[in-house]
Amino acid sequence: MTTGKQLIKGNTAIVEAALDAGCRFYAGYPITPQNEIPETMSWRMPEEGGTFIQAESELISINMVFGASAAGARAMTTSSSPGISLMQEGISYMAGCELPAVLVNVMRGGPGLGNIAPSQSDYFQAVKPGHGDFHIITLAPHNISEMYDYTFDAFDLADKYRIPVMILADGLLGQLMENVELDRSRKPALLNAPKPWALTGASGRKGQRIVSLLMQPGALEKHNMDLNEKYNLIKKNETRHELAGMEKSPEYLIAAFGTCARISKGTMNIAADAGIKTGLFRPITLWPFPYEALKEAAKKVKKVFVFEMNLGQMVEDVRLAVGDDSKIEFYGRPGGGVPTAEELFEFIRGKVK
Amino acid sequence: MKKGRIRIDEERCKGCLLCVEECPKNEIKKGGKINRFGYTFAEFCDNGSCNACTLCAIVCPDCAIEVIEITEDEKK
Amino acid sequence: MAEKIVYKKPDSLTDKIFSYCWGCGHSTVHKIIAELIDELGMREKTIAVAPVGCAVFAYDFWNFDTTEAAHGRAPVVATAIKRVHPGHLVFSYQGDGDLASIGMAEIIHTANRGENLTIIFINNTNYGMTGGQMAPTTLIGQKTTTSPAGRNIKQNGYPIKMSEMLAQFESVKYVERVKVTNAASVIKAKKAIKKGFLNQLNGTGFSFIEVLSACPANWRMEPLAAKAHIDGVISKYYPVGLIKDIK
C-alpha cells in the first residue's frame, strides 16, 4: 500500500491497520456490509506471512480467534450485527479467559436479519455484551482515519489489558471512501511484549492452562473481583472523548458517536448559520463511557441533544452522566435509517425556544 | 521365568476390578477395606505367581498400579 | 535380587487423582495419551484442547499446555492453535455431545479442510457430565434421562457413526475406531492414537480416533458389566477396527 493521500474505503483501512499493528491471524465469515474485510485479508494476510481462514460461520470465527489468541498471536475477526450475536458466547469466554483480540462490528439494521443499511443499534450489545459480569473496550470511529487509528490502537490495548477490544463501526463508515493520508509511521508499542500466560508448549515449565471454568468454592467470585479491578484501571486510564465547539460558549450540546457524530458536525454548521451555537460531545470509548467529561460539559449548556441511528441506546448513558432528564432531547433513526444534517437541525430548531 | 510384584495405590484405586478380571495369574483380588473416598480398593494377593506382565497396570484406568520386575542376581 | 519398576504413572500426568468415575474410559485414555506424549518426547511441544463434558477438567491431569474451549468448538480452536504453532502437536479431545451434537459443524469443516490435527473422540453413548442424557450416539432403544422409553428412530433418528461419516471426506487421512475394555484393547487404542499423533508430526494430515468408552455411572452398571456392555452391545453397532488409512 502506498503512502501519501489516497482514496481508501473504511473496510480497507481496518485491514491495513490490523496488519500494521502486527495482526497475523484473521478468521471471518462473509456478511454485508463488511465483506471487503475478509476479501482483502484473503490476499493481504498471506503477503504479510500470517494466516487467513474463511471460517464456516461466525461461531467458528470467534472460536478460531480464541485459539489463536490462546496461542499468543494477535488475532482479529470482523462481522456485522447478526454475526456478532453469534459471537457473544465466544466473547464471554475470551473475557473470562482474559484473552486479547480485536473484534469489528460494521453495524447494519436489525433486529434479526434486518437489512444491510448502516445503523447504530448494536450499542447495547457492544457495551453490555455476553453472559456474565464482564466488559470489553469499545471504540467508535467517525471517519476513515479513525477506522485506521482506532483499529491500530486496539491491538496494543487488547494485549495491555488481556481483553477483547471492539471497533464499533457501521455500514456507512465501512463503505465510505475518503481521500486521506493515513499515519502509518506508528509502530505497535506492545507487539513484542512477552505473553507468559500464552500456550506455546510447556518448554522448561509445567503445563499451563487457559480456563474460565473455576469450580472451587469462592474461586470464580475472586476471579470476577480481579477482573473488576482490571476494568477499574481501564476506566481510569483509557476513557476517551472528543469535545468540539465549546470555545464559542454554546447554549446547546450535541451528544453523538460514530456516523451520527460525523453528520452532527454538519448540523453544527447549519445551526451556527441560523444563529444557534452548539458544541459536540463525541464519546470515543463507548466502554468505558466518558461519564465525568460529559457531566462537566453538560453543566455549561441548556440542553443536550442526543442523536443516534437507533431508538435510544447511548442516550441511557447520557442520562446517567447528565443527571437531569429535562435537559435531554433524543432523536433517532432505527432500522438502517440515516439522518441528514438538515433533519437533525430541524429537530434542534423545534426544541429551541 | 520373570518374577514380579505390584504396588496398588490405595488412594488412586477405585475398586473397578478391571485388574482382577485381567490378571492371568489371579494375583489380584477385591479388597476388604475402603479408602477415604469410599472405594473398596483392590489388593495384591502376593502368591508368588506374578511375572510382571503389566497387563493389570495397562488396564487400570487410574494409574493405581506400579509394576516391579524382580530379577535374580547372576550367580558367579 | 534387583528390583526395577516396569510400569508407573507417566510423567505427563500430574499427581492429581482422576476425578472421573470408577471404570471411566476418560481415565484410561488420558493415561495412554500421556504415555504417548512421554514416549514421543513431546511434552514441551504439545497443546491440547479440552471439551465441555466430564473431561473439561483434563488440564488438571495433563502436565502440558491445555486450553478450555466452548462446547463443540474444540476442533476450530485447535485449528487456530496449529496454524499459529505448526511445529507443535495439537489435538482436541471431545465427548459425544461436544463433537457430535453442538460441535457437528466444527468437526465436519475441520475434517473437510484437512487440518493437520489429531482428534480423539470419546464415545460413551450419552452425555456423562450432565447426568446421562441422550446423545447423537445413543443406541436405538437405549434408555437415558431424556429418552426414558428408549431412543426411538421416529423421534430421534439413528445413532450417528462419526468415524464412517468423516472417512468420506477426501482430506481425512486416518480413521480408526477402538475401545478401552481389556488390556489388549487398551494397547490397540494406544497404537491408534500414536498413529494419529505421528500422522500429524510427519505432516500426513487429519486423523480421527473414536474410542468406545465406558460410562458406568450413567449406564447404571458396575465397571466390569460396563466393559461387557461395550464388548457385547455397543461394538455391535459401532464396529471396532481400521476404517481409513491413506497418505
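Biologist: Why is helix α1(C) described as mostly covered?

Modeller: In this predicted model, a residue counts as buried if 20 or more other C-beta atoms lie within 10 Å of its own. By that cut-off, 13 of the 15 residues of α1(C) are buried, and therefore the helix is called mostly covered.

Biologist: What span should helix α1 of chain C have, and how far apart are its end C-alpha atoms?

Modeller: Helix α1(C) covers residues 25-39, and at 1.5 Å a residue its 15 residues should span 21 Å. The expected span is 1.5 Å times one less than the number of residues; because the end C-alpha atoms are 21 Å apart, the two values agree. Just after this helix, Gly41(C) takes a positive phi of about 65°.

Biologist: Which elements of chain C each supply at least two residues of the side that touches chain B?

Modeller: The contact takes 25 residues from chain C and 27 residues from chain B. On the side of chain C, α1 is one of the elements that each supply at least two residues, together with β1 (2-7), α8 (183-201) and α10 (223-237). Strand β1(C) gives the most, with six residues, and by class this side has 15 nonpolar, four polar and six charged residues.

Biologist: How do you know that β4 of chain B and β1(C) pair?

Modeller: Two strands pair if DSSP finds at least two bridges between them. Strand β4(B), residues 65-71, and β1(C) are joined over five bridges in the antiparallel sense, so they meet that condition. Within this pairing, Ile68(B) stands opposite Ile5(C).

Biologist: Which two chains share the most contacts?

Modeller: Two pairs of chains are in contact, and of these, chains A and C share the most contacts. Their contact takes 30 residues from chain C and 32 residues from chain A. On the side of chain C, β2 (46-49), β3 (65-67), α3 (74-84) and α5 (104-112) give two or more residues; the largest share, eight residues, comes from α3(C). By class, this side has 14 nonpolar, eight polar and eight charged residues.

Biologist: What makes β9 of chain A and β3(C) a pair?

Modeller: The cut-off is at least two bridges, and β9(A), residues 209-210, pairs with β3(C) in the parallel sense over two bridges, so the condition is met. Here Ile210(A) stands opposite Thr67(C).

Biologist: How do you know that chain A and chain B do not touch?

Modeller: Contact requires C-beta atoms, placed from the backbone, to lie within 7 Å. No contact is found between chain A and chain B, and their nearest C-alpha atoms are 18 Å apart.

Biologist: Which strands are called the edge strands of the five-stranded sheet in chain A, and why?

Modeller: The sheet is open, with the order β10-β12-β11-β14-β15 and mixed pairing. Strands β10 (241-244) and β15 (328-332) each pair on one side only, and they are called the edge strands. Neighbouring strands of this sheet are turned by 20° against each other on average, direction ignored. Strand β14(A), residues 303-308, runs parallel to β15(A) and is joined to it by five bridges, with Phe305(A) opposite Glu329(A).

Biologist: Which strands does helix α9 of chain A lie across?

Modeller: Helix α9(A), residues 258-273, lies across β11 (252-255), β12 (278-283) and β14 of chain A, and runs at about 175° to β12(A). Helix α11(A), residues 314-322, lies across β11, β14 and β15 of chain A, and runs at about 160° to β14(A).

Technical notes. Residues are numbered from 1 along each chain as its sequence is written. Chains are lettered from A and ligands numbered from 1 in the order in which they are written. This is a predicted model: local features need pLDDT of at least 70, side-chain atom pairs count only at pLDDT 80 or more; totals for chains, interfaces and linings use all residues. Helices (H or I, at least four residues) and strands (E, at least two) are DSSP runs, numbered from the N terminus. Axes are lines fitted to C-alpha atoms, for helices over the stretch in contact, and angles run from 0 to 180 degrees between N-to-C directions. Ala, Val, Leu, Ile, Met, Phe, Trp, Tyr, Cys and Pro count as nonpolar, Asp, Glu, Lys and Arg as charged, and the others, Gly among them, as polar. A residue is buried if 20 or more other C-beta atoms lie within 10 Å of its own, exposed if 12 or fewer, and partly exposed in between; C-beta atoms are placed from the backbone.
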